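Me: I would like a close look at one part of this structure, the place where the metal ions are held. Please take it slowly, and then show me how that part sits within the rest.

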Amino acid sequence: MNVTYRSFSCSQTDVQVIYLVENNLSMSKEDINKNIEYAKNKNLFTGKIGQTYTFTREVNETIQNVVLVGLGKEEDLNLDTIRKATAKGIRKAKELKATTVFIKLPKVDTLEVEEIIKNTAVAAHLAGYTFNKYKTDAKKENALTVSIGRCGIKEATPEIAAAVEEANEIAKGIILARDLVNEPANVMYPETLAEEVVKAGKENGFEVEVHGTEKIKELKMEAFYSVAKGSSKEPKLIVMRYFGNPEQKGEILGLVGKGLTFDTGGYSLKPSPSMIDMKSDMGGAASVIGAMTAIANRKLKINVVAVVAACENAISGDAYKPGDIIGSMAGKTIEIRNTDAEGRLTLVDAVNYIIEKENASEVIDLATLTGAALVALGETTTAVVTNNDRFYGELKDASAYTGEKFWQLPSFEEYAELVKSDVADLNNSPGRNAGTITAGLFIGEFVQGKPWLHLDIAGTAWSEKKTDLTIKGGTGAPVYTLYELVKRKSK
Ligand code: BES
Ligand code: ZN
Ligand code: ZN
């Protein structure tokens, strides 16, 4: 999809989407006004949030569909409403088989025009997203071209042009994450994932280094390798580096993404209904790659290194087994109580690597780590475990802007006790109780006191059903918030 800013009078598109606030239901065009008046009198459209009303009009002897979208009261307007309205408008336009859409924004005083335009553009990309490449017929679907205009602003000011450009690049990162998750595991496995990252690095301006089994063994990443060794697909340690602030060499944000390109559960095999969507178990990796893409693309003044320990959790004569006691790059020993609690094993070696070898001074790890996160918070909210309130505050501030939701879980000492083992330093599966917390705290054992956020995106990285801004499948969460957090840090 392509999104641009255009003059308000440019309305020669298949569909015109008009946002209206409840307080002011009128437009400058008389024929449109008549329809608004009609819909209002019949109580079909009053401007309430999410309401839509469609009619046709004639422009230059062709028919155009007009979709009115309600924004609610001007004084209550926020960016979430804007994003929701955009989803409604774009979805309607697609139903009407549009290839060109013009979105008309109202003049309001409660939000900055650049913010409205930026979030309209991001939401348009997300609502227009499809993953139909493997459907023989659907491939012929036309791409949507979207332009946005606001009453009273003919030409894009430099600020508006910049907002549209930023939105396009943020959306590119989110959509890359979605695509990587939606690709099936026979297509997207460690090697091909690494190839995608190399490509993204070249296109967007970050450095990529990829290591195979030999280097993984040399680094003594036994926890990572134990998970990987049951699969015939070679594991890959993927390292991405972006140094946008060379003057502050000591400050490096480390991002670590869980990169299980498929999780069968291993010998602690998953039942079929739990296994079916496990191509999404590299959602953390996908989000980290998407975020790096946007961060580097926007040339943010900050240093960010990202690491993905990509592998497949499969079964074979070589696979690790329950009861095994393994080592790790950090030297700690781990009792394997459940081979399906594999994510944390790959993550602790990646976390140790990013601190020891890449000198990360702060760490965020993202992982589709526990079904318990889904049970506790559902699909809307990412679970957070942290050792640093200031860092968590930064995340919350960024998320208040992007609309993605996060919630911190407690990390009391008693929970940390549960990850200890009778026969080794740690155990990888203390059981069902407090599963998201113990998984997080297991990783916390390896962060060496660095400010750290653990984001369990098992619920949020994948959507079981179509929502306003997503299809069924990868959501690209929380790329937008990661980007926003990094942008705020870079100032
Ligand atoms: N990848 C799964 C977690 C998951 C579940 C992600 C549902 C997305 C949706 C993870 O590797 C896993 O299997 N975790 C186990 C941990 C348990 C054995 C301690 C789980 O959640 O059951
Ligand atoms: Zn698992
Ligand atoms: Zn997993």
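Reply: A donor, in what follows, is an N, O or S atom within 2.8 Å of the metal, and since water is not among the atoms, a site may look incomplete. With that in mind, and remembering that this is a predicted model, we can begin with the zinc ion (ligand 2). Its protein donors come from D263 (OD), from D340, which gives both O and OD, and from E342 (OE), and they lie 2.0 to 2.2 Å from the ion. Along the sequence these donor residues follow the spacing D-x76-D-x1-E. The six donor atoms of the zinc ion (ligand 2) make angles of 71 to 167° with one another, and the site is classed as irregular.

The two acidic residues at the end of that spacing can also be compared by their exposure. D340 has a relative accessible area of 22% and is therefore partly exposed, because buried would require a value under 20%. E342, in contrast, has a relative accessibility of 0%, so this residue counts as buried.

The second metal is the zinc ion (ligand 3), which is coordinated by K258 (NZ), D263 (OD), D281 (OD) and E342 (OE) at 1.9 to 2.4 Å. Here the six donor atoms subtend angles of 77 to 171°, and the arrangement is therefore octahedral. For six donors, that word asks that opposite donors be over 155 degrees apart and that all other angles lie between 65 and 115. The donor residues of the zinc ion (ligand 3) are spaced K-x4-D-x17-D-x60-E in sequence. Within this set, K258 in strand β9 (residues 253-263) and E342 in the loop between β12 (334-335) and α10 are 84 residues apart, so that the pair links distant parts of the chain. K258 is buried, because its relative accessible area is 2%.

The two sites are joined to each other as well. D263 coordinates both the zinc ion (ligand 3) and the zinc ion (ligand 2), and the two ions are 3.2 Å apart.

From the metals we can move along to helix α10, which covers residues 343-356 and contains N352. At a relative accessibility of 4%, N352 counts as buried. If its neighbours within four places in sequence are left aside, N352 is in contact with M329, A330, K357 and Q448.

Seen as a whole, the protein has 15 helices and 19 strands. Its radius of gyration is 24 Å, which agrees with the value near 23 Å that a compact globule of 491 residues would have. The C-alpha atoms fill a box of roughly 80 × 50 × 40 Å along the principal axes, and 58% of the 491 residues count as buried. Among contacts with a separation of 6 or more, 77% are between residues 24 or more positions apart. The protein exposes about 20400 Å², with carbon and sulfur atoms supplying 49% of that area.

Finally, the structure holds five aromatic pairs. One of them is F412 with Y415, whose ring centres are 6.1 Å apart and whose planes meet at 20°, so the pair is stacked. F412 counts as exposed, at 52% relative accessibility, whereas Y415 is partly exposed, with a relative accessible area of 22%. Another pair is F442 with F446, where the centres are 5.9 Å apart and the planes are at 40°, so this pair is tilted. F442 and F446 are both buried.

Key. Residues are numbered from 1 along each chain as its sequence is written. Chains are lettered from A and ligands numbered from 1 in the order in which they are written. This is a predicted model: local features need pLDDT of at least 70, side-chain atom pairs count only at pLDDT 80 or more; totals for chains, interfaces and linings use all residues. Side-chain values use heavy atoms; hydrogens and water are left out. Four donors count as tetrahedral if all angles lie between 85 and 135 degrees; four count as square planar and six as octahedral if opposite donors are over 155 degrees apart and all others between 65 and 115; anything else is irregular. Buried means under 20% relative accessible area, exposed over 50%, partly exposed in between (1.4 Å probe, protein chains only). Helices (H or I, at least four residues) and strands (E, at least two) are DSSP runs, numbered from the N terminus. The radius of gyration is taken over C-alpha atoms; the globule rule is 2.2 Å times the number of residues to the power 0.38. Contact means heavy atoms within 4.5 Å. Accessible areas come from the Shrake-Rupley method with a 1.4 Å probe; for residues, only the protein chains shown count as cover. Rings of Phe, Tyr and Trp (its six-membered ring) pair if their centres lie within 6.5 Å; planes under 30 degrees apart count as stacked, over 60 as edge-to-face and the rest as tilted.
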